[in-house]
Amino acid sequence: NSKVQKYQVEIGLYQAEVATQVQEYTQNLQKDAADYGWLQGQYTQLKSDYVVGLTILKTGNLPTTGS
């Protein structure tokens, strides 16, 4: 009976350890996703700035919008 109790305690400790690791992984994943989203926004803005700059160099004018 004491072996079963010891095993149950070990299982509980292992479950707590795994839960902690999963929580840390989830937090890191959320941070990485937010960082990626920020970088993606920066890339989009930079690309737009390059298009404007290249248009100015080619034509001497600011690009016009479709409207």
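Buried residues account for 0% of the 67 residues in this chain. The model is a predicted one, and its secondary structure is easy to list: one helix and zero strands. Let's walk through what that looks like.

**Overall shape**
- The C-alpha trace spans about 85 × 20 × 10 Å along its principal axes.
- A compact globule of 67 residues would have a radius of gyration near 11 Å, whereas this chain has 27 Å.

**Surface and charge**
- About 6,400 Å² of the chain is exposed, and carbon and sulfur atoms supply 59% of that area.
- The chain carries 5 positive and 6 negative charges, and the mean positions of the two groups are 6 Å apart.

**A nonpolar patch**
- Leu46, Tyr50, Leu54 and Leu57 form a nonpolar patch on the surface, and together they have about 470 Å² of accessible area.
- One of these residues, Leu54, lies in helix H1, which covers residues 2-59.
- Leu54 counts as partly exposed because its relative accessibility is 47%, and that label applies between 20% and 50%.

**The salt bridge**
- Side chains of opposite charge can pair when their charged atoms come close.
- The structure holds one salt bridge, and the partners are Asp35 and Lys31.
- Their closest N and O atoms are 2.7 Å apart, and the cut-off for a salt bridge is within 4 Å.
- Asp35 and Lys31 are four residues apart in helix H1, so about one helical turn separates them.
- Asp35 is partly exposed, with a relative accessible area of 34%.

Technical notes
Residues are numbered from 1 along each chain as its sequence is written. This is a predicted model: local features need pLDDT of at least 70, side-chain atom pairs count only at pLDDT 80 or more; totals for chains, interfaces and linings use all residues. Side-chain values use heavy atoms; hydrogens and water are left out. Helices (H or I, at least four residues) and strands (E, at least two) are DSSP runs, numbered from the N terminus. The radius of gyration is taken over C-alpha atoms; the globule rule is 2.2 Å times the number of residues to the power 0.38. Buried means under 20% relative accessible area, exposed over 50%, partly exposed in between (1.4 Å probe, protein chains only). Accessible areas come from the Shrake-Rupley method with a 1.4 Å probe; for residues, only the protein chains shown count as cover. Lys and Arg count as positive and Asp and Glu as negative; His and the chain ends are not counted. The place of a charge is taken as NZ of Lys, CZ of Arg, CG of Asp or CD of Glu. Patches are made of residues with over 30% relative accessible area and no salt bridge: like charges are joined within 9 Å, nonpolar side chains (Val, Leu, Ile, Met, Phe, Trp, Tyr) within 5 Å. A salt bridge is a side-chain nitrogen of Lys or Arg within 4 Å of a carboxyl oxygen of Asp or Glu.
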